[in-house]
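Visitor: I am new to this structure and would like to learn how to read it. Could you show it to me and then take me through some of its features?

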4 protein chains.
Amino acid sequence: MRDSQLGIGVVGYGYWGPNLVRNFSVNPATRVISVSDLDTGRLAAIKQLYPAVEVTSRYEDLLKDTRIDAIAIATPVHTHYELALAALKAGKHVLVEKPLAPSAELVTRLIDEADRRRLTLMVDHTFLYTPAVQKIRELLLSGELGDIYYYDSTRASLGLFQKDVNVIWDLAVHDISIIHHILDRAPIAVSATGSCHVVGSPENMAHITLFFADACVAHVSVNWLSPVKVRQTFIGGSKKMIVYDDLEPTEKIKVYDKGITLDGPTEDARELRIGYRAGDMWAPHISTKEALQTEVEHFIDCVRNGVAPISGGMSALRVVEVLDAASRSIAAQGNPVRINQPQQVRERVRARA
Amino acid sequence: MRDSQLGIGVVGYGYWGPNLVRNFSVNPATRVISVSDLDTGRLAAIKQLYPAVEVTSRYEDLLKDTRIDAIAIATPVHTHYELALAALKAGKHVLVEKPLAPSAELVTRLIDEADRRRLTLMVDHTFLYTPAVQKIRELLLSGELGDIYYYDSTRASLGLFQKDVNVIWDLAVHDISIIHHILDRAPIAVSATGSCHVVGSPENMAHITLFFADACVAHVSVNWLSPVKVRQTFIGGSKKMIVYDDLEPTEKIKVYDKGITLDGPTEDARELRIGYRAGDMWAPHISTKEALQTEVEHFIDCVRNGVAPISGGMSALRVVEVLDAASRSIAAQGNPVRINQPQQVRERVRARA
Amino acid sequence: MRDSQLGIGVVGYGYWGPNLVRNFSVNPATRVISVSDLDTGRLAAIKQLYPAVEVTSRYEDLLKDTRIDAIAIATPVHTHYELALAALKAGKHVLVEKPLAPSAELVTRLIDEADRRRLTLMVDHTFLYTPAVQKIRELLLSGELGDIYYYDSTRASLGLFQKDVNVIWDLAVHDISIIHHILDRAPIAVSATGSCHVVGSPENMAHITLFFADACVAHVSVNWLSPVKVRQTFIGGSKKMIVYDDLEPTEKIKVYDKGITLDGPTEDARELRIGYRAGDMWAPHISTKEALQTEVEHFIDCVRNGVAPISGGMSALRVVEVLDAASRSIAAQGNPVRINQPQQVRERVRARA
Amino acid sequence: MRDSQLGIGVVGYGYWGPNLVRNFSVNPATRVISVSDLDTGRLAAIKQLYPAVEVTSRYEDLLKDTRIDAIAIATPVHTHYELALAALKAGKHVLVEKPLAPSAELVTRLIDEADRRRLTLMVDHTFLYTPAVQKIRELLLSGELGDIYYYDSTRASLGLFQKDVNVIWDLAVHDISIIHHILDRAPIAVSATGSCHVVGSPENMAHITLFFADACVAHVSVNWLSPVKVRQTFIGGSKKMIVYDDLEPTEKIKVYDKGITLDGPTEDARELRIGYRAGDMWAPHISTKEALQTEVEHFIDCVRNGVAPISGGMSALRVVEVLDAASRSIAAQGNPVRINQPQQVRERVRARA
């Protein structure tokens, strides 16, 4: 190991862990020291592919290992809090798969622990690091779309049913983090509905509407029981509109110079004085760089230079607060639930403690 | 005119009227006698294309014309009730563009008037007559999909903003009528959210969740302000699933032999004992017959032989009751609203009268 | 009939004839006087839809009718020459479905007859009047694509097998006319291969390569026996490239800012010093105006004002010469055949006469 | 290393080499001992990802290494012959990236050398090992498509210009190998045209027609200068037809129950008595197993058990003979060239030696 390399431990080698190991392996600034998983078959798979990486079935080995500077956690959601807290207490920086923890209270405690120890706490909201979302954010911030009217997203597939979280904690979490990242406003209330089609399983399908203080609205549709994979987002603005299809290999973002004009001629007595503009479509070139590579670079920058993570604790807290409010609205068949701002949430949690 | 031909009058020659005139013109069993519209430019257009059709700017001319047996109404929604009632009172059968009338009360009065006079009252729920919806209904009734888990539809375009109705009365009405037609159960409650992005205009975007007595759920997303046209419906069953894309020129319906199995092997401790089946996809051949042609044939059959219309008054009443409940839920930001069954609605209206 | 209206006769009411009748009917400057077809069922269909249009089974009725100024011919290819010649001799302007006639010799005779009588002779190369091809021509002429490297087109469907012409005379004719219209150069030789899969039927599948004097090349693939419809053209230039998909409802033309650079860095010893540029994609807004409407307007302009048709006799001659050369190459399994320029062809035909 | 593991050496770590190293690494029956490449930057990349793999810039190190049983060659085409011959002479089994060698003569010599030493000689015609091509072969052999009318393929992208081979040796090679594998007949002649748009570079675009003894025909269109990637094959049969799109993530193969009937009713005098059948479409479930994984397993089986490779020397010889004939046809602007059968080619080469 070169002196300048950051030592990395990874816990969990199921669905996402292999991506973490691969990306930390190819980054010259980091070295994967050890991977921990309870499944010995998986540990053997690591040895076959990465003979130099150590493997263990005991998480404590990672915590005690002084060569390890940071730990990446890719285990089931209900274990995130405990594993992350232990890592922070062992003086390790942490990168946790989304969602950071199953409640605002637990997220707040992790934020406090990381703050106290001046350690980096980052949640793996991977989509924020995709070239596509970065381009969309750039377009929105530049004002090119005008006023933002709506964000409407569908994320569906014949997905992995999770045991410990429902579909919104698994899939809608991506959109909630993207919405906070690209819109310069926070939702104030949520109405959501959800359904469970497998007895004893959490909701596998949900529809979420987020209300903002202005006319902007966001809607997220998620489904684990779809025959085809869908990853599609429509963003409507007063000047232009975006269709973002993450499954498109190259033209992921299409910007439409379409919209309405309010002083247009009326053709039909039934219509308002609303005209329609149909202009060109434009698909900006999108880099093909893997998001996790960018995220790993950003994580290294945060650890080394004390930079505040784009997807740090407060970002995670905002997302978890929305997911929690949406879950309560689902239980009440769409009854709207107010969303608290993260600072309020944090203070409330602290007051309670 | 052959004796056996049914004489047709059409009122309204805006967006939909030309389709009515064309379909009644090519059907050998009917003859378009006269078309009424307030716009003289449109009347001239009719003369250019159909020199034999009479035109008038006075609707009364149609009512008084004894050669006219039935009147097709394709005018703005707020005029439907008055025009349909006058036609029935003049002894004409009527075919009304959807929605039949803007409230359950007005629909009930039309049903009563038609019943009293033994006239056909039919609402133009065109989609029920498409070969695609007919095929879907056949697949669902045959049990091929197993238990129906969900119906999830998106209907969006850079559409015609309507002055007198919002987007759910314009677009969701299609899905509500389809849902009632293909599922053998009726929704019992609705949660809906909607947004208005043009000051002074009705809602141009809405999301509706329909709850049923069992685990089945329906969701309808409608949008007048979308950069691209979308007409896509997912139907999930316990055995198979359907993707219905009405914009596909030929393969409109795809049936996926995909789903979940509950006794499958567990690969990951995070997962339930849920397995995934990924089988073949099958796209049944769909006739290309125009829906309105089938609908016109059915209307003629109803008028001539006293057959009860597939999309008759009670069908319209069910749809309007759902649209009305959804509108109330939108006003309450998603708060769920109970849906009354049509017979209850009818009795309530009569009791009030 | 208004004095200013041009009287139109149409012969042939099979696949294409109804489009001609409809477009001449809606154009206020023309009036369809009479339609001739040998099939009485079709004549009845015309009467049902256009009661004011006269119908006849004798073509001579059209020739003798003094109210008719121009005749549109939509009959099988082998009848084009005879019908067009008779129309010209009767003093009528003519618009003939493509291809104008089955040989360069017959085309030349029609050109001569029209010239002598100062009548408009136009061939219905419909694609030249589509907004898409007009936009492509504009882009190419503006130099936006740089030097044109290639035109590569596929036109396939489960098509109507023609009795009297093979697939290149039915489908490739479109591309040949487009190529002549958008490229400012003419092909000098052709190599083509073709196959016949139905005994006793003409070739139903063919591939044609057109050579030019420079490095530019055109390839056209046509197929009557394809399970799905394809209408796709790639145009490569030194600066930009176009993908034109005529089946796309709105984004028919996509312009890619992609290409190669010759001084780019070499990453691999196997590669030349060729770099790759991957820039944005842009889909210009394309009008949805029906091509035949534009073509009818142009035909009226030619007849009234003596304007030379975009798709006149010489244009037809160029196309027929290429089709003829391609047919000879097919017979010789791809052996290249030289293409004569239209003026040479015309002179050769005259010399022979 | 377990005794039972096959020791693998890989030469060339450019575009394809990393896939070979990865697939041999994850297969428990093989172990990558050493990788050779002239570029030291690449060797460092290997060490970062596979610390246990040895690296060298001298190919001789692989030849001399007794732990190495087989060598995989992924270097530029002009080096294949020399490297493969040296490997065989060193007693190693060889797997060579396609095409095996740049001429039938060199391929023959490799076949002879491998035969003499009873070593496995396999060419990496990867597509033969894809689940999609395996399924197509199964469908064709079962007779489900009826008589095969045509194979028509397009393989285009903004590709890597090769220095030492033209586009047919790079891309058409895939189709030629597939055609031989799935059709139970061999082409007897070829007509091809090609173009070069970069001065000093080999042909970057080509169209190839293969003639068979019967009415079956194959066409392959390849292009290094396409703005979008295309990997699409149409296969037409007398009973059914296939569209195979390798870029589709899941529904790669669509089987259309469409075709023509010869005794159908005639609607139009222009048409033959040919009817059209438009039935269902069916997309069989295709495994997502990586082709190279299957190929590696087959290679191991060949080496260990003396099984004859699906893509062995004679298969390579057939492909190279077609590529060579096509190149000659290109030079003669489409003039057809006769294709010799591999046994003839081999004997001719031996006779010359």
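Guide: What follows goes from the contact between two chains to their symmetry, then to domains and strands. This is a predicted model, in which local features need pLDDT of at least 70 and side-chain atom pairs count only at pLDDT 80 or more, while totals for chains, interfaces and linings use all residues. Residues are numbered from 1 along each chain as its sequence is written, and chains are lettered from A and ligands numbered from 1 in the order in which they are written.

Visitor: How many residues of chain C are in contact with chain D?

Guide: The size of an interface is often given as the accessible area lost when the parts come together. Here residues are counted instead, two of them being in contact if their C-beta atoms, placed from the backbone, lie within 7 Å; by this rule 48 residues of chain C touch 48 residues of chain D. Strand 11 of chain C supplies six residues, the largest share of the side of chain C that touches chain D. By class, that side has 27 nonpolar, 15 polar and six charged residues (Ala, Val, Leu, Ile, Met, Phe, Trp, Tyr, Cys and Pro count as nonpolar, Asp, Glu, Lys and Arg as charged, and the others, Gly among them, as polar).

Visitor: How are chain A and chain D related?

Guide: Two copies of a chain are related by a rotation about an axis and a shift along it. With copies superposed by least squares on the C-alpha atoms of residues with pLDDT of at least 70 in both, chain A can be laid on chain D with an RMSD of 0.0 Å by a turn of 180 degrees and a shift of 0.0 Å along the axis. The two copies are thus related as by a two-fold rotation axis. Of the residues of chain A, A:Tyr50 comes closest to this axis, with its C-alpha at 2.9 Å.

Visitor: Into which domains is chain A divided?

Guide: Domain bounds come from an automatic or database domain assignment, and chain A is divided into domain 1 (6-126 + 301-312) and domain 2 (128-282). Their C-alpha centres lie 31 Å apart, and the contact between them takes nine residues from domain 1 of chain A and seven residues from domain 2 of chain A.

Visitor: Which strands of chain D does strand 12 or strand 14 pair with?

Guide: Strands are DSSP runs (E, at least two residues), numbered from the N terminus, and two strands pair if DSSP finds at least two bridges between them. In chain D, strand 12 (residues 241-245) runs antiparallel to strand 13 (residues 253-261), joined by four bridges, and D:Ile242 has D:Val255 as its bridge partner. Strand 13 of chain D also pairs in the antiparallel sense with strand 14 (residues 275-283) of chain D, over six bridges, where D:Lys258 stands opposite D:Ala278.

Notes: Two residues are in contact if their C-beta atoms, placed from the backbone, lie within 7 Å.
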